[in-house]
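Thanks, everyone. I have one chain to go through this morning, and I will take it region by region.

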Amino acid sequence: MSYKNYPMVSRIVFGRGSFNQLGDIIAPKRLNVKAPFIFLVDDVFKGNPLITSRLSLAYEDQLLFVSAKEEPKTSQVDELVEQIILNHKDRPSGIIGIGGGTVMDLAKAVAIMLTNEGEAKNYQGWDLVKNPAIYHVGVPTISGTGAEVSRTTILTGPERKLGINSDFTPFDQVILDPELTVDVPKDQWFYTGMDCFVHCIESLNGTYLNAFSQSYGEKALELCKEIFLEDSLSIEDSQDKLMMASWHGGMSIAYSQVGVAHAMSYGLGYLLGIKHGIGNCIVFEHLEDYYPEGVAMYKAMRKKHNISIPQGICEHLGDDEFDIMIDVALSLTPLWENAIGDNWEEIITRDKLKALYQKM
Ligand code: NAD
Ligand code: ZN
């Protein structure tokens with residue numbers, strides 16, 4: 001057995017207001033005055049002093065607002081890279097992604113594609129990246145995905161929705177400032193928060209589980225229960241703890257895998273463009289056969305916060321469309337191996353998946 005030698009985020013700051021330190025942190029990383037820092041910022045912050053008035057741009061630095069309406073695409077990464085190359089004489093000193101999972105994944109992918117030839121779609125998969133990425137910094141503004149800590153950047157390409165999983169993907173620096181999450185809308189808070197909860201349930205109930213993953217998964221789950229089921233936390237404590245739950249949830253799946261909800265949610269995302277967090281919720285509603293305790297807990301959380309989940313989204317789909325989603329889900333072998341075991345192909349039939357999708 002050969003164990004994975006897993007890279008981690010090398011530097012991290014945690015604390016309310018720590019975003020103020022961004023300028024000081026990146027300054028020593030400036031290569032020269034022509035090598036800019038590129039700030040990729042979620043366009044929800046356009047005109048919002050919480051972010052924009054606290055960024056200090058110098059020399060050729062550039063602020064690019066990006067939309068998080070849709071999940072990141074390989075073509076979008078290629079366009080951003082081209083734009084950066086055309087606009088600047090020197091390769092950037094660094095990429096700073098400020099936003100949710102969408103913007104953080106874009107920042108990681110752009111940092112990789114600035115030093116690797118060809119198109120982003122060619123690197124979707126495991127360990128296909130050849131050259132180290134340029135310095136990249138992640139600043140999450142919503143908590144749950146674990147994208148701030150993970151070794152992947154999930155992209156939708158022409159053929160598949162799959163991550164660029166590589167040793168060069170993790171951020172060199174992360175700034176965790178829970179104050180940045182203050183304006184997250186309640187529904188979105190729940191959907192992205194449930195991504196973390198589902199990471200814990202899928203990791204803790206998977207066949208890949210080991211003490212490393214378990215120790216992080218249990219901590220994240222404990223935090224999720226406190227945040228989503230109890231009334232004892234102040235808003236500030238709840239923000240702080242969800243940011244750390246996201247981190248621990250991400251660490252938990254790093255050395256194990258996700259499971260049924262993620263596999264099926266990828267199908268919904270690929271065909272219908274349904275975003276990751278809400279997609280996980282839509283699927284998780286129907287997974288009591290696989291995760292009975294987790295689903296019961298999830299439903300209690302959803303009821304407590306009075307969150308509505310879209311229904312009937314597969315009602316009008318034809319057989320071909322179900323087939324596309326089923327193909328995407330079934331292609332994710334490690335997820336099924338983790339969820340079910342080595343014999344998963346005998347248990348997870350196309351009919352079973354279709355029946356589940358038909359309920360959504
Ligand atoms: P998101 O980044 O798509 O953002 C969701 C919404 O919240 C957007 O409308 C965004 O503008 C808004 N938002 C973000 N921060 C805000 C703030 N502070 N105030 C107000 N609005 C704010 O959501 P997400 O759930 O964080 O990320 C989903 C993406 O993450 C998907 O593309 C998914 O594939 C990816 N993901 C990646 C990993 C990984 O390991 N790389 C893991 C899980 C999910
Ligand atoms: Zn997830």
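UniProt, in an unreviewed entry, lists residues 10–178 as "domain: Alcohol dehydrogenase iron-type/glycerol dehydrogenase GldA". What you have on the screen is a predicted model. Across residues 10–178 the chain is 24% strand and 19% helix, and the C-alpha atoms at the two ends of that stretch are 20 Å apart.

The same kind of record covers a second stretch. For residues 191–299, UniProt lists "domain: Fe-containing alcohol dehydrogenase-like C-terminal", again from an unreviewed entry. Here the make-up is 76% helix and 0% strand, with the end C-alpha atoms 13 Å apart.

Set beside those records is the domain assignment of the chain, which gives domain 1 as 11–181 and domain 2 as 186–359. In the contact there are 27 residues from domain 1 and 21 residues from domain 2. Taken over C-alpha atoms, the centres of domain 1 and domain 2 are separated by 25 Å.

Now to the metal. Which residues coordinate the zinc ion, ligand 2? The donors are Asp195 through OD, and His199, His262 and His276 through NE2, at 2.1 to 2.2 Å. Along the chain they follow the spacing D-x3-H-x62-H-x13-H. Two of these residues link distant parts of the chain: His199 sits in helix H4, residues 186–204, and His276 in helix H8, residues 276–284, 77 residues apart. His199 has a relative accessibility of 2%, so it counts as buried. His276 is at 13%, and therefore buried too.

On geometry, what are the angles among the four donor atoms of the zinc ion, ligand 2? They run from 88 to 168°, and the site is irregular. For reference, the ideal angle for four tetrahedral donors is 109.5 degrees. Four donors count as tetrahedral only if all angles lie between 85 and 135 degrees, so the 168° end of the range rules that label out here.

Staying with helix H4 for a moment, Thr192 is also placed there. It is buried, because its relative accessibility is 8%. Beyond its neighbours within four places in sequence, Thr192 is in contact with Ile142, Ser143, Gly144 and Thr145.

Next, Arg151. You will find Arg151 in the loop between strand S6, 136–140, and strand S7, 154–156. Is Arg151 buried or exposed? Buried, because its relative accessibility is 10%. Its side chain makes a polar contact of 2.4 Å with the side chain of Asp127, and another of 2.8 Å with the side chain of Asp167. Setting aside neighbours within four places in sequence, the contacts of Arg151 include Tyr6, Pro7, Ile164, Asn165 and Ser166. Thr169 and Pro170 are also among them.

The partner Asp127 deserves its own slide. It lies in the loop between strand S5, 125–126, and S6. At 47% relative accessibility it counts as partly exposed, whereas Arg151 counts as buried. The phi of Asp127 is near 60°, a positive value in a residue other than glycine. As background, most residues other than glycine have a negative phi.

Asn306 also has a positive phi, in this case near 55°. Where is Asn306? In the loop between helix H9, 292–304, and helix H10, 319–330. With a relative accessible area of 69%, Asn306 is exposed.

Last residue: Asn32. It is in the loop between helix H1, 22–26, and strand S2, 37–42. Its relative accessible area is 32%, so it is partly exposed. Within its own loop, the side chain of Asn32 reaches the backbone nitrogen of Lys34 at 2.6 Å. Outside its neighbours within four places in sequence, Asn32 is in contact with Asp90 and Ser93. Arg91 is 59 residues away from Asn32 along the chain, and their C-alpha atoms are separated by 10.0 Å.

To recap the two places I would like us to look at on the screen: the zinc ion, ligand 2, with its irregular site, and Arg151 with its polar contacts to Asp127 and Asp167. That is all from me.

How values were computed: Residues are numbered from 1 along each chain as its sequence is written. Chains are lettered from A and ligands numbered from 1 in the order in which they are written. This is a predicted model: local features need pLDDT of at least 70, side-chain atom pairs count only at pLDDT 80 or more; totals for chains, interfaces and linings use all residues. Side-chain values use heavy atoms; hydrogens and water are left out. Helices (H or I, at least four residues) and strands (E, at least two) are DSSP runs, numbered from the N terminus. Buried means under 20% relative accessible area, exposed over 50%, partly exposed in between (1.4 Å probe, protein chains only). A polar contact is a pair of N or O atoms within 3.5 Å; within protein, one must be able to donate a hydrogen and the other to accept it, and residues adjacent in sequence count only if both atoms are side-chain atoms. Contact means heavy atoms within 4.5 Å. UniProt positions are given in the numbering used here, feature names are shortened, and annotations may be inferred rather than shown by experiment. Donors are N, O and S atoms within 2.8 Å of the metal (3.2 Å for Na, K and Ca); water is not among the atoms, so sites may look incomplete. Four donors count as tetrahedral if all angles lie between 85 and 135 degrees; four count as square planar and six as octahedral if opposite donors are over 155 degrees apart and all others between 65 and 115; anything else is irregular. Domain bounds come from an automatic or database domain assignment.
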